[in-house]
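Open the model in your viewer and keep the selection box handy. We will go from stop to stop, picking a few residues each time.

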Amino acid sequence: MSSSGGGPLEWVLMVTARSPTNIAVIKYWGKRDETLILPINDSISVTLDPDHLCTTTTVTVSPSFTSDRMWLNGKEISLCGGRYQSCLREIRMRAGDVEDEEKGIHLRKEDWERLHVHIASYNNFPTAAGLASSAAGFACLVFALGKLMNVKEDNGKLSSIARQGSGSACRSLYGGFVKWAMGNDASGCDSIAVQLASETHWDNLVIIIAVVSSQQKETSSTAGMHDSVETSTLLHHRSKEVVPKRILQMEEAIKNRDFASFAKLTCADSNQFHAVCLDTCPPIFYMNDTSHRIINYMERWNRFEGAQQVAYTFDAGPNAVLIARDRKTASHLLQRLLFYFPPPADNELTSYVLGDKSILEEAGLHAMKDVEALPPPPEIKDNVPSKRYAGDVSYFICTRPGRGPILLTDEDKSLIDPKTGIPK
Ligand code: DP6
């Protein structure tokens, strides 16, 4: 190894990448190997547009660094956890030679064993909101380290490394519609993500996330699925009998852009996942009254129209992810959501509906007065009093299916100062 330059740090090499998060429409819940993170069933997800929800990660290497360090949203975190160590070890094992003529850097693959990295990661959405930040985070970490260390593996192999950070992260290595094949091998080599279709295959879907206000301390996915595997008989029936059929049906629905089947399967699978949580001892309650209300409203609307307008799905928390069949339906969906869950009185509409705000315009919602004037949806007119629940939703994010990880070549986008090796 040789290096050039002087100053406070010897040379620094750095890579910045951006990765999306994903929402499972056929859920992963339960591991057969907790260390390698091998699941008990296949799962399928939709990658969400990173313009609205993503993690950006800068990874740097310098001979001046004395240990591996990481900062998440500006705060240093410990890398001692086995999951970070697994990802770093697996990537280092596959590192290649790196040449940077300009900086006079010539690294051989063995050099990576003793060089340390500094990592800075930033989510463009609140980490605490329960929006699969670990999926985007580990996908981005592995993708960026792979580029820095000149790893020659394809995204499938990288997905099996990201999987060892967090199971759902493997699906964030691809855009569009993604399957995580559970695999059979005890080593986990065949437990990888594959892309079923790109984000352009079905690009009129609109996704609206309701970030539901919650004081409740949630059970982590890791702890929850451990307890389910130990105690839920429904989970074992689900993984053996139900999911394999649903995976085939979901693949067909995606291939044919068959929204009715897609929506029915998505809702049924979310509901079964939460039934498994109830069937766990002690039972786990991820959804709250607001989540249940949203399910009721969506079911009532679908029934009233006589056709699926919207799919709903909930991960390990109360937030609703709603998928509308097209933009026109999405504007009707947003009208309904803002009718039932208007912003608290002193709120601006533009800070209550985030992401792709063009849906607001299409729904004719330009200002708070338009929200106040929304009529009750026709499906509730006759029988149910039209109660509104201001404050029960913190905010909405409008988004769509999106692309997989990308490199950000613009130096301005990097999160680490090349002079100091720590976050800007
Ligand atoms: C409900 O991937 O967060 O979101 O592998 O233990 O890190 P670990 O769990 P994680 O679990 C995600 C569970 C889920 C369903 C899904 O994304 O498939």
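Select Ser62 to begin: this residue is buried, at 0% relative accessibility. Bear in mind that you are looking at a predicted model. Ser62 sits in strand S6. Now show its contacts. What does the side chain of Ser62 reach at 3.0 Å? One partner is the backbone oxygen of Trp11, and the backbone nitrogen of Ser64 is also reached at 3.0 Å.

**Asp68 and Arg92**

Next, add Asp68 and Arg92 to your view. The two form a salt bridge, and their closest N and O atoms are 2.9 Å apart. Asp68 belongs to the loop between strand S6 (54-62) and strand S7 (69-72), while Arg92 is part of helix H1 (residues 82-93), so this pair ties together parts that lie 24 residues apart in sequence. Is Arg92 buried or exposed? Its relative accessibility is 12%, and because the cut-off for buried is under 20%, Arg92 counts as buried.

**More salt bridges**

How many salt bridges does the model have? The count comes to 20, and here are some others to pick out.

Select Asp111 and Arg114. They form a salt bridge with the closest N and O atoms 3.1 Å apart. Asp111 is buried, with a relative accessible area of 3%.

Now move to Asp392 and Arg293, whose side chains meet in a salt bridge at 3.8 Å, N to O. This pair links distant parts of the chain, 99 residues apart: Asp392 is in the loop between helix H11 (368-372) and strand S18 (393-399), and Arg293 is in helix H7 (residues 289-305). Both ends are partly exposed, Asp392 with a relative accessible area of 24% and Arg293 at 22% relative accessibility.

For a group rather than a pair, select Asp49, Arg327, Asp356, Glu362 and Arg400. A network of salt bridges links these residues.

**Along helix H7**

Go back to helix H7 and click on Phe304, which is found there. Phe304 counts as partly exposed, at 45% relative accessibility. Then select Pro378 as well. Phe304 and Pro378 are 74 residues apart in sequence, yet their C-alpha atoms are 8.5 Å apart in space.

**The ligand**

For the last stop, centre the view on the ligand and show the residues around it. Which of the 17 residues around the ligand come nearest? They are Tyr28, Lys31, Arg83, Ser166 and Ser168.

Take three of these in turn and look at their polar side-chain atoms. Arg83 has one that lies 2.7 Å from an oxygen atom of the ligand. Ser166 likewise places a polar side-chain atom 2.7 Å from a ligand oxygen, and for Ser168 the distance to an oxygen atom of the ligand is 2.7 Å. If you switch on the surface, keep this value in mind: the protein covers 94% of the 460 Å² of accessible area that the ligand has on its own.

Colour the shell by residue class and you should find seven nonpolar, five polar and five charged residues. Then highlight helix H4 (residues 221-231), which gives the most to this shell, with three residues.

Finally, colour by domain. Why does the ligand lie between domain 1 and domain 2? Domain 1 (13-199 + 407-413) and domain 2 (206-399) both give residues to the shell around the ligand, so the ligand lies between them.

Notes
Residues numbered from 1 in each chain as written. Predicted model: local features only at pLDDT ≥ 70, side-chain atom pairs only at ≥ 80, totals over all residues. Heavy atoms only, no water. Salt bridge = Lys/Arg side-chain N within 4 Å of Asp/Glu carboxyl O. Helix = DSSP H or I, 4+ residues; strand = E, 2+ residues; numbered from the N terminus. Buried < 20%, exposed > 50% of the residue type's maximum accessible area, 1.4 Å probe, protein only. Near = heavy atom within 4 Å. Polar contact = N/O pair within 3.5 Å; in protein donor to acceptor, adjacent residues only side chain to side chain. Areas by Shrake-Rupley, 256 points an atom, 1.4 Å probe, with all protein chains shown as cover. Nonpolar A, V, L, I, M, F, W, Y, C, P; charged D, E, K, R; others polar. Domains from an automatic or database assignment.
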